[in-house]
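The following questions and answers examine how two protein chains are organised in a single model. The sequence and structure are shown first.

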Amino acid sequence: MKHHAEYRDPEAAKRVLKRIHQSVDPSREYRFMEFCGGHTHAISRFGLHGLLPSNVRLIHGPGCPVCVLPIGRLDMAIALAMKPGVILCCYGDTLRVPGSEGNSLQKARAYGADVRMVYSASEVLTIAEQSPSADVVFFAIGFETTTPPTAHLLLETQRRGLNQVSVLCNHVLTPAAIRAILEDSEQGPRLDGLVGPAHVSVVIGSSPYTPLASDFQMPIVIAGFEPLDILQAILMLIHQVNEDRHAVENEYTRAVVPEGNQRALMAMREVFETRESFEWRGLGSIADSGLRIRSSFASWDAESRYDLAYQAVADHKACECAAILRGQKEPLDCKVFGTACTPETPLGACMVSSEGACAAHFTYGRNLRNFR
Amino acid sequence: MRRPIAGAITLAHGAGGRASHQLIQEIFLFHLGNPFLQQGDDGAVLDPLEPGSQGGRWVTATDAHVVTPLEFPGGDIGRLAVNGTINDLAMMGASPRYLTAAFILEEGLSLALLDRVVASMAAAAKAAGVPVVAGDTKVVERGKGDGIFITTSGFGLLPPGIQCGGCRAKPGDAVLVSGTLGDHAMALMAERNGLIFDPPLLSDTAALHGLVADILTPRPAAVHVLRDPTRGGVATVLNEIAQQSKVAIEIDESCLPMRPEVTAAAELLGLDPLYLANEGKVIVICEATDADSILLRMREHPLGQQSSRIGEVLATSRPYVEMKTRWGGRRLVDWLMGELLPRIC
């Protein structure tokens with residue numbers, strides 16, 4: 001567990017920062033998007049913004065699974081949680097995401113729903129064993145990082161023939177969302193590069209990004225979540241831009257291989273299939289961007305078991321999340337930022353979790369004059 | 001104007017962050033508010049019995065204790081209940097004299113467990129030299145409590161010349177902390193999540209009045225604020241002080257004492273150690289010129305060996321807490337929002 005230290009070494013960081021400052025072309029601007037919430041969080045937490053040259057701008061992407069979960073899906077989970085006899089299991093930061101009318105799973109719990117926080121999908125099986133008469137539902141969310149554990153849960157549930165367990169699947173796919181963002185970026189303002197996902201790429205590998213880099217002539221560098229990883233990736237992106245290249249490069253070689261984790265991908269394919277379209281909070285519907293449970297696992301699919309219908313709920317009118325998630329606007333451009341919309345009363349996707357662009361800005365930077 | 005009261009209690013209201021603060025402001029202080037409560041400190045300094053008396057004054061504090069599991073590495077709810085209230089008195093600069101204890105017990109609670117908890121309380125009270133002088137017991141039906149709830153109240157004597165309070169931090173003051181951060185919360189979370197440490201990570205629960213007496217002895221007037229960073233951790237306590245004193249506080253990440261295993265476990269569980277509870281640490285805000293000598297005295301005490309100077313107080317038009325990261329970057333250290341929840345990725 002000590003491995004963090006070497007990726008957080010301030011001296012090494014100074015060396016990379018020096019090279020970044022030496023490498024930038026002062027006559028131009030570099031607009032890089034970090035797709036992942038994990039990167040956004042690390043950038044804020046280590047205060048990386050203030051250390052970069054002023055013409056290198058980091059734009060926070062939509063890669064925070066809690067943020068992009070649409071209100072309607074959350075309403076389905078809350079409705080399920082309120083059913084008598086149901087234990088709803090979810091990841092920690094899903095608890096306070098606001099659904100319709102200010103409801104949340106946290107509030108549902110206060111009103112008597114049995115909502116349990118889990119660290120991993122497999123804990124759902126333990127909970128089911130401990131409460132044999134309850135209907136245990138896992139509210140599955142996340143990108144390809146958290147999808148294999150859900151697949152494993154479903155395979156194990158099937159193997160054991162557990163009828164009391166089911167899954168409400170909200171898993172989404174990263175490459176489809178990146179494609180949507182890059183298509184928008186063509187209309188401007190254009191992005192100059194992308195810091196590619198860390199944990200997601202451990203699962204899917206680096207090869208799925210190759211068509212994106214060539215279709216949009218976009219430099220992409222996959223980076224780990226440690227601050228030194230991020231700085232190194234920014235340096236690699238600057239070099240690509242300066243040399244007019246657009247390749248997929250891998251900074252996170254200690255964990256990411258081109259073909260990804262084949263066992264995890266196989267389990268995912270066995271259990272899930274692509275939805276024609278899935279709604280992202282703040283971004284709207286994106287084709288082929290979500291996963292649903294295959295019909296061979298229908299008995300463990302909460303959507304069919306409980307006959308749940310999805311009802312889309314519009315975001316707040318004044319909310320600028322759609323533009324912020326695409327890098328077209330900044331949190332401070334939004335009228336409700338920091339007034340009606342705060343981390344305690346979030347109106348839009350970017351304020352929902354600490355990884356969202358607006359929440360990170362609100363929490364870590366609202367006092368800093370040079371924070372962008 | 002009072003905001004309309006709606007909704008229900010959530011766990012966030014008990015986490016010590018902004019929601020707890022609002023609950024206290026909008027319901028408790030609204031109805032019960034008086035000059036004692038409005039101080040917003042850990043305890044209340046009572047009026048002298050004889051006006052103009054030159055002797056000490058009584059200080060009182062009260063603290064309710066709920067914890068899962070009831071016994072944990074390094075302590076149990078009994079020891080926590082004794083030390084917690086002693087520390088509330090100590091943070092006022094008072095020397096604790098008496099405790100009272102009220103127990104709410106759940107039907108079905110094992111008597112052997114209750115016996116261990118009360119024996120542990122007695123040992124903690126004896127070690128601290130503070131007797132439990134009154135008590136009460138109630139039993140609730142099964143399912144209406146969580147084993148044992150303990151509320152302790154304490155009385156201590158405040159010698160003349162000592163004035164500590166959250167509103168007394170001044171620009172230029174130094175910020176000190178008496179040791180490693182987050183040990184208590186992480187010991188509990190490790191226990192609840194089945195994380196095993198070798199050697200085991202222990203709660204830091206301890207009575208701090210001895211350490212506080214050492215801090216105050218040479219020059220009491222130099223010590224402006226004493227606060228134990230329990231629920232909500234150092235981040236929340238510093239925000240409370242910044243708000244009460246109308247100052248900014250800047251801390252330096254590289255000076256924060258932290259056990260490597262706590263840092264690693266916090267990383268693993270997706271938590272920020274600045275928000276983790278401590279039960280045996282004190283934050284001292286004192287005049288900068290006295291900081292080094294106070295720090296030396298703290299390090300000589302068994303409970304303060306890893307004391308560190310972590311920051312300073314600045315003048316500001318709007319209270320805030322900021323941290324210089326190890327990287328030379330800066331970030332705002334905000335109140336704890338809602339409940340302490342782990343991040344998904």
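**Packing, domains and confidence**

In chain B, buried residues account for 48% of the 345 residues; a residue is buried if 20 or more other C-beta atoms, placed from the backbone, lie within 10 Å of its own, exposed if 12 or fewer, and partly exposed in between. This is a predicted model, in which local features need pLDDT of at least 70, side-chain atom pairs count only at pLDDT 80 or more, and totals for chains, interfaces and linings use all residues. Residues are numbered from 1 along each chain as its sequence is written, while chains are lettered from A and ligands numbered from 1 in the order in which they are written.

Q: What is the radius of gyration of chain B?
A: Chain B has nine helices and 14 strands, these being DSSP runs (H or I, at least four residues, for helices; E, at least two, for strands) numbered from the N terminus. The globule rule, 2.2 Å times the number of residues to the power 0.38, gives 20 Å for 345 residues, and chain B is close to this, so it is as compact as a globular protein of that length. Taken over C-alpha atoms, the radius of gyration of chain B is 20 Å.

Q: Which helix supplies the largest share of the largest nonpolar core?
A: A nonpolar core is a set of buried Ala, Val, Leu, Ile, Met, Phe, Trp, Tyr and Cys residues joined through C-beta atoms within 7 Å. The largest one has 124 residues, and A:Leu168 and A:Phe139 are among those that touch the most other members. The largest share, nine residues, comes from chain A, residues 227-242, which form helix α12.

Q: Between which domains of chain A does this core lie?
A: Domain bounds come from an automatic or database domain assignment. Both domains of chain A give residues to the core, so it lies between domain 1 (1-315) and domain 2 (321-365).

Q: Which element gives the most to the side of domain 1 of chain A that touches domain 2 of chain A?
A: Two residues are in contact if their C-beta atoms, placed from the backbone, lie within 7 Å; 26 residues of domain 1 of chain A are in contact with 19 residues of domain 2 of chain A. Elements that each supply at least two residues to this side of domain 1 include β1 (30-36) and α9 (174-186) of chain A. The most, five residues, comes from α3(A).

Q: How far apart do the C-alpha centres of domain 1 and domain 2 of chain B lie?
A: The domain assignment of chain B gives domain 1 (55-160) and domain 2 (174-332). In chain B, 18 residues of domain 1 are in contact with 19 residues of domain 2. The distance between the C-alpha centres of these two domains is 23 Å.

Q: Over which residues of chain A does pLDDT stay under 50?
A: Chain A averages a pLDDT (the predictor's confidence in each residue, from 0 to 100) of 91, and 97% of the residues score at least 70. Where pLDDT is low, the predicted coordinates should not be read in detail. The model has seven contacts beyond four places in sequence for the stretch of chain A under 50, residues 368-372.
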